[in-house]
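Here are some exercises to work through with the coordinates open in your viewer. Try each task before you read its solution.

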Amino acid sequence: MVAPTTVPRLTKKTSPPVAVNLPLALTLNRESPDALHLQLAAQLRAGVTSGTLAAGVVLPGSRALAGALKVTRGVVTLALAELAAEGVLDAVPGVGMRVATGAARPVTLPSAAALPAWFVMPPPAPVDAGQPHGGISFKPGVAASHLLDVRAWRAAWQAATRTAPGGDYGPAAGQWPLRVALAAFLARSRGLNADPARLMVTAGSLSALGLIAGLLPRGSRVLFENPGYRAARQVLLDSGHTVIPVPVDENGLITDTLPPARLAVVTPSHQYPLGVRMGVPRRLALLEWARQHDALIVEDDYDGEFRYGAPPLPPLTALDEGEDGGGRVLYLGTLSKVLTPAVRTGFLVAPAALLPALERARVLADAGHNTVTQDALTHFILGGHLDRHVRRARRWHGQQQAALASALAPLTEGELAQLGGIEAGLHACLHLSPPLNAEAVAAALALRGIFVGTLRPFTVKISAQQALVLGYGGLTVAQIEAGARAIVEVVRAESGRLTS
């Protein structure tokens, strides 16, 4: 469908459908509580995910689109930058914004008539899109898999396949040799002495959280960091629970006035996405809250191996002692950041009394973890290769961290921004000084092929802090330096524009 690029003068607060040389109509409602750029981004995103906008389709320029929709160019720029940061669109120099290949559906979806009348299609999963093609993407959560010792990796899988797999399912909690190997690795890398009998092999942190959520009575109140890991929040919501957002400051979750709940989900070692660490006093206060309210705590330590000069703090699990014997904390970890997401393997250290219920949930979910993968990982860990990989990765990420901090120093020294969460993990937060706007900066960067996130998608019920989320785990030092230089230039330019 091709429609004229002109629209009649608006007489209502809701614009008429506009196609602007696109096979879908765009409608912006001025009376909606959602910002106009969010409405536009949502409609374009829906056009891509539904297959209406095919891969490679070039969108009209921001001026043309803004003119057709009767909005400022800034509204369109923010929307396109949001989609570029998600990987839905690619910014192609000399061409413009086009639909990314991986974002478009390759086949036509069944029509709505093919679905039962009672079925309600859920919204897309709140996860980051894949890496955009071209440019520099500061996407968080990307592992440095290129550091993997390929020879040792192949040898581990060859060892795992020397014997034929068994004809039955393995233990729901995981094979004992891998549980022992992982427990020993936790003691070496994170200072956590975990009994292998209390350790369960999982399909990753989200899968483990889903098992835990299934143990709670439906409709339970769950405390959750705000801003926080949006996919984990959605797991809890999809399980039928009520998620209570709790604010976070430079010392982690604020524990002064925590309301009653059955569960609290926290990332104390490297808060996601702010990157701050929860101090020992607040860790102890959270444990005391759990004892007072007969509650459980999920400690998600997703990248605990990577610290750069910051002294390690004791995990909540290690502090989980008291007159009632402890047993309040469930510790989640994953090999996705330290090794690769490809193995889809994590671990859960749970109170002994809860393990039978978790094993039952795992049996009914998928009958347990892939045994061949478990065998290969066991060989890899027992051969010392995971420890060596961690040492290589820690040095590599330390170089990345230093490069990012150095390249962004002109902003921090000039008091235009503050870099937080840089002492650990694989991402940091660049907090912008007023009156800078994070979305505007991200949009300007996207036009230059530099893709960064903001805190808005991670924040609920309150205004998001003005900060850029900068994941550097998957970038080279040269890319980090080039991207950071662009960030410095754009922030300075935006600051000059706002203060002139």
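**Exercise 1.** Decide whether Lys-461 is buried or exposed, and find where Lys-461 sits and what its phi looks like.

*Solution.* Keep in mind that this is a predicted model.
- Step 1: the relative accessible area of Lys-461 is 75%. The cut-off for exposed is over 50%, so Lys-461 counts as exposed.
- Step 2: place Lys-461 in the chain, and you land in the loop between S15 and S16.
- Step 3: check the backbone. Phi of Lys-461 is near 70 degrees, which is positive although the residue is not glycine.

**Exercise 2.** Do the same for Ala-367: is it buried or exposed?

*Solution.*
- Step 1: Ala-367 has a positive phi of about 70 degrees, and it isn't a glycine either.
- Step 2: Ala-367 belongs to the loop between helix H10 (355–365) and helix H11 (371–382).
- Step 3: the relative accessible area of Ala-367 is 19%. Buried means under 20%, so Ala-367 is buried.

**Exercise 3.** Work out the strand order of the open four-stranded sheet and say which strands stand at its edges.

*Solution.*
- Step 1: list the pairs and their bridges. S12 and S13 are joined by four bridges, S13 and S16 by five, and S15 and S16 by two. Each of these pairs runs antiparallel.
- Step 2: chain the pairs together, and the order reads S12-S13-S16-S15.
- Step 3: look at the ends. Strand S12 (417–420) and strand S15 (453–454) each have a single partner strand, so one side of each is left without a neighbour in the sheet.
- Step 4: pin down the register with some bridge partners. Ala-417 is partnered by Leu-432 in S13, Ala-428 stands opposite Leu-470 in S16, and Thr-454 has Leu-468 in S16 as its partner.
- Step 5: look at the connection from S12 to S13. These strands form a hairpin with six residues between them, and Gly-421 in that turn has a positive phi of about 70 degrees.
- Step 6: ask how enclosed S13 is. Five of the six residues of S13 (residues 427–432) are buried, so the strand is largely enclosed by the rest of the structure.

**Exercise 4.** Find which residues have the most contacts inside the largest nonpolar core.

*Solution.*
- Step 1: this core has 65 residues, and the ones with the most contacts inside it are Leu-404, Leu-408, Leu-430, Leu-468 and Ile-487.
- Step 2: there is another core apart from it, with 28 residues, including Leu-40, Val-71, Ala-84 and Phe-451.
- Step 3: zoom in on Leu-430. Leaving out residues up to four places away in sequence, its contacts include Leu-408, Leu-468 and Ile-487.

**Exercise 5.** Compare the surroundings of Leu-182 and Gln-175.

*Solution.*
- Step 1: Leu-182 is in helix H5 (residues 176–190), while Gln-175 is in the loop between helix H4 (150–160) and H5.
- Step 2: Leu-182 is buried at a relative accessible area of 1%, and Gln-175, at 18%, counts as buried too.
- Step 3: skip residues up to four places away in sequence. Leu-182 then touches Leu-199, Val-201, Phe-347 and Ile-381, and Gln-175 touches Thr-371, Gln-374 and Asp-375.

**Exercise 6.** Describe the lining of the second largest pocket and of the second largest cavity.

*Solution.*
- Step 1: the second largest pocket has a volume of about 670 Å³. It is lined by 27 residues, and the closest to its centre are Pro-140, Gly-141, Leu-206, Tyr-229 and Lys-337.
- Step 2: helix H6 (205–215) and helix H7 (230–238) are the elements that give two or more residues to this lining.
- Step 3: by residue class, the pocket lining has 12 nonpolar, nine polar and six charged residues.
- Step 4: now the second largest cavity, with a volume of about 150 Å³. Of its 15 lining residues, Ser-269, Gly-304, Arg-307, Pro-312 and Leu-313 are the closest to its centre.
- Step 5: the cavity lining divides into five nonpolar, four polar and six charged residues.

**Exercise 7.** Which peptide bonds into Pro-227 and Pro-435 are cis or trans?

*Solution.*
- Step 1: the bond from Asn-226 to Pro-227 is cis, with omega near 5 degrees. Pro-227 is in the loop between strand S5 (221–226) and H7.
- Step 2: Pro-434 and Pro-435 are also joined by a cis bond, with omega about 5 degrees. Pro-435 lies in the loop between S13 and helix H14 (438–446).

How values were computed. Residues numbered from 1 in each chain as written. Predicted model: local features only at pLDDT ≥ 70, side-chain atom pairs only at ≥ 80, totals over all residues. Heavy atoms only, no water. Buried < 20%, exposed > 50% of the residue type's maximum accessible area, 1.4 Å probe, protein only. Contact = heavy atoms within 4.5 Å. Core = buried A, V, L, I, M, F, W, Y, C linked by side-chain atoms within 4.5 Å. 1 Å grid on protein atoms, 1.4 Å probe; cavity = no way out; pocket = protein on both sides within 12 Å on 5 of 7 lines; lining within 4 Å. Points joined across faces, edges and corners; volume = space filled by probe spheres on them. Nonpolar A, V, L, I, M, F, W, Y, C, P; charged D, E, K, R; others polar. Pairing = 2+ DSSP bridges.
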